Structure formats: structure tokens, C-alpha cells
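Hello,

Here is the structure I promised to pass on. Please open it first; my notes follow below.

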Amino acid sequence: MSWSFETDPEFQCQLDWIAEFTRDEIEPMDLVFREPGDPWDPNSQAAKAMEPLRAAVRERGLWACHLGPELGGGGYGQVNLGLMNEILGRSRFGPSVFGCQAPDSGNAEILAHFGTDAQKEKYLQPLLDGKIASCYSMTEPQAGSDPGEFGCMAEQEDEQWVINGEKWFASHARFAEFLIVMVVTDKSVPIHQGASMLLVEKNTPGMEIIRNSAVGPHAEQGDGVHAYIKFENCRVPLENMLGEPGEGFIVAQTRLGGGRVHHAMRTVGVLNKALDMMCERALSRVTKGEVLADKQFTQEKIADSYTQILQYRLHVLYTAWLIDKHKEYNREVRKEIAAIKAATPGILKDVVYRAMHLHGSLGMSDETPLVTMWANIPELGVVDGPSEVHKITVAKTVLRDYEAAPGLFPTYHTPTQREAALKKYGHFLKES
Ligand SMILES: Cc1cc2nc3c(=O)[nH]c(=O)nc-3n(C[C@H](O)[C@H](O)[C@H](O)COP(=O)(O)OP(=O)(O)OC[C@H]3O[C@@H](n4cnc5c(N)ncnc54)[C@H](O)[C@@H]3O)c2cc1C
């Protein structure tokens, strides 16, 4: 396969349409629908407003592009999806209008791979059509990054799994038709062999939402969209297990890899929006007789932001290209996904801060989108695993290709190397 940094001209036409459509039709939604669940809740007023937009997307053949044609998606591959997502990331509603919003996108992939025919019929098609919402619930109040601490158990009794325990920050559980819940089914083995995945339908007796947390301050405490859930003798049929008992992490991998790279793709959109704002402000604001753009401090901010964004964007697209090439989340792919996931909060902090700073007081007011971008940065540092955990993955994978020096000094020890080099080329020195 040859290297290329060019977009297929036919797909570029689609991207041009997406850019215009996002700017004119989708971004205004952010200014009207401000409840945290609005882009996902099928019963919200925002869902009604999205209907004609979704129809237009379908007509262009751009609905649910992360899925293959067998599931009604365009099957355009991850690179094209990346190019799309970096436009959609400019609006909170972008992914929902295009049918590729997390966590529903990943949950649909899980159902498609592991659901029974009956489950697919009941949930998959409505989910793919954007008619229902879903929830993915793994984190617990006492444990997120370290699944070894998970304690929510499911035990088999007769023809049912009986769930007991608690889950935390289960996004959208309050309006989801079903939840995909990670449970421990075998305590006697390490968690990666003892965890399983269960489908739990809405209103199943024994499942109770204690409260719903919100990210950031929210008018009504407990009225956010991230559920704290209690399971008490909650019974689900045996066929609700997705995958085999003990395969919970194999099932999880179906969604987490894709989910993380999609966050990064959308982040490119956020970064570009911040850079656009920074440049426009720099050319508009006059201070001490010249526009800010003429000041070298400002030029440094713009140059650093541009370079960082380009480096990050190429890394994201390279990762997407690797996924398309390998068609699986192998070690090489996982290393790059972890690297860009870990890099995401840092670049946002740098670029969004510069954009806010350049706007002065306006930048930190509620009169530009910058303050919302800023508030979302910590979220991207922990959602789908904190940066530290991803950095550990990167470092461990990188280190696999190395071994310790064979002797006392490093392999690149100059005196030792020079001795060998002199044996090869030293006679030239003697001749001179
Ligand atoms: C907006 C949002 C939506 C979410 N939605 C969902 C959802 O739908 N479903 C779901 O299951 N979960 C969800 N989560 C939870 C998310 O997956 C967890 O927050 C994440 O896995 C981290 O777990 P934790 O919050 O328990 O933090 P902890 O695991 O307690 O980690 C806290 C901190 O400890 C440090 N740390 C952790 N591990 C290490 C390590 N190995 N080495 C060094 N330092 C370390 C890091 O600084 C880390 O940030 C969501 C989170 C957010 C913010």
C-alpha cells in the first residue's frame, strides 16, 4: 500500500457538504438545546428537531458510517470516518445527527456481534435507526481504571443470571431501552477471565437508579445523565449474556478501541474550531496601534497551535489508517489508540487555553463556545480510562521491541563503538 495524504475527490465532495451542513444546520442546535442528554435522548425536543437533519444525512448515504453495509452503514472505513468526525466534532449534536454517537455506536457493534436474533430484532434495528438510546455500564463507585476491583456479581440460578452490586457513571441509563453491563461471574480467576457482559432491559425488577450525576455544575443535583445504579437480585435470562461467560473483556474490546479513536477524531474538530476563533480574533483586535496578529507573542500562539494540531491530526488519521489496514484492534493498533487518547487532554489544554487567553475577558465568559470546550477537557482525561493507564499501555508496547544492554555499558557506548568503527575505517586516517 502506498502512502498518500490526499482525500478521494468523491469523498471530498461529501466532506464539503458535511462542513456546510454542520455549520448551517447542526451548530445552531448547540445554542438552543442545552440539556446534557439532548443529543441522545430520543424523547427530547432536540430529537424532534434532529429528525429532518437525520433524513438529509440518510439521503446523502452518510448515516451510521462506522458500520458496514450489512448493518445499513456506508462502510467507508476509519480514515473517512476520521475526516467526517473532525467536522462533526465542532458540535455536540454532530455525531447524533449522523448516527455515529457514543455509546450507541459501540453498543450496536456489540449487539451485532454477540446478540441473539431476538435481541437484534428488538434492539439493534431501532438503535441503528436512532429511535432508541442505550447504555454501557462498566465503572463502579469504588473502581474504574482497575477492573480487578470490580465487585458487581452475577450468579447463575436455574435459567437466570442474578445480578447484585453497584455501577457508577452509566451514561444515559435514565433514558436507555437497554444496558450492557459488565459483571463478575467467576471470582476465582483473574478479572480478565472472570468478567462477563449482560444485556439488562429497562425496568427490569431489581435495577434501580440511585441518582444521576452531571458533569460540571448543573441546576438540579442528581438530575444529570450519568447514573449511579444499584442491582439487588436483578434477574435476567441466560440468553442475555453477550459472548461466553468470562469473555466480558473480549466483548468490551469490540467497542472501546473504536470509541477512543472516535473521541480523538472529534477532538480534531474542537481544536480546529478553537484555532479558527483564535485567528479571527487575532486579525480583529487592535491593541497599541496594531492588530494582535502582528504581535510576535500572538504569532507564537498561532504557530504552536497549528503545528500541534497538525501533528495530532496526522497521528489520529494514521491510527485510523492502521485500523483499516489490519481490520482488527491488534497490538500495533492498540498502541496508537492509547497514545492519541493520552495526548488528547494535553493538546486541548494548550490550544483552548491560548484561544481563551487571546479573547481576554470575552474568552472566559459564557458568550463564546470556548468555556464549554475548556470545561470538557478533564472529561477527556478520564472517560474510557485515564491518561496514565493509556501511557502505561504505550510504554509497555514500545518496550517490547527492546532488550537490556548485553554488557556493563549501553550498546551505543561511544568508546566501544569507536573501537569497532576504527577497525572498519581507521586505515583512512593512517593514509592521510
Ligand atoms: C463524562 C463521562 C462519561 C462516562 N461514561 C461512562 C459510561 O457510560 N459507562 C461507564 O462504565 N463508565 C463511564 N465513565 C467512567 C469512566 O470510564 C471512568 O471515569 C474511568 O474509567 C476512570 O475511572 P474512575 O473514575 O473510577 O477513576 P479512578 O480509576 O479512580 O482513577 C482516578 C485517577 O487515578 C489515577 N490512576 C488510575 N490508575 C492509575 C495507574 N494505573 N497508574 C497511575 N495512576 C493511575 C489517575 O490519575 C486517574 O485519573 C464516564 C466518565 C466520564 C467522565
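A word of caution: this is a predicted model.

Start with the ligand. It is surrounded by 21 residues, and the closest are Met138, Gly144, Ser145, Ser171 and Pro386. Four elements give two or more residues to this shell: strand E1 (133-137), strand E3 (160-171), helix H13 (377-382) and H14. By type, the shell holds 11 nonpolar, 7 polar and 3 charged residues. Domain 2 (134-246) and domain 3 (250-399) each supply at least three residues to the shell.

H14 also packs against another helix. Its partner is H10 (residues 331-358), while H14 itself covers residues 387-399. Their axes lie 8 Å apart, at an angle of about 140°. The two helices are therefore oblique to each other. The crossing of H10 past H14 is left-handed. On the H10 side, the contact uses Arg331, Arg334, Lys335, Ala338, Ala339, Lys341, Ala342 and Pro345. H14 brings Ser387, His390, Lys391, Thr393, Val394 and Thr397. That contact is mixed in type: 5 nonpolar, 4 polar and 5 charged residues.

Now look at a second helix pair. H1 (residues 9-32) and H3 (residues 78-88) pack at about 20°, with axes 9 Å apart. That angle is under 35 degrees, so H1 and H3 count as roughly parallel. H1 passes H3 in a right-handed crossing. Phe11, Leu15, Ile18, Ala19 and Thr22 of H1 meet Asn80, Leu83, Met84, Ile87 and Leu88 of H3. Here the split is 8 nonpolar, 2 polar and no charged residues.

Best wishes

Methods. Residues numbered from 1 in each chain as written. Predicted model: local features only at pLDDT ≥ 70, side-chain atom pairs only at ≥ 80, totals over all residues. Axes fitted to C-alpha atoms, helices over the stretch in contact; angles between N-to-C directions. Parallel < 35°, antiparallel > 145°, perpendicular 65-115°, else oblique. Left-handed = near helix turned anticlockwise from the far one by under 90°. Contact = placed C-beta atoms within 7 Å. Nonpolar A, V, L, I, M, F, W, Y, C, P; charged D, E, K, R; others polar. Near = placed C-beta within 6 Å. Domains from an automatic or database assignment.
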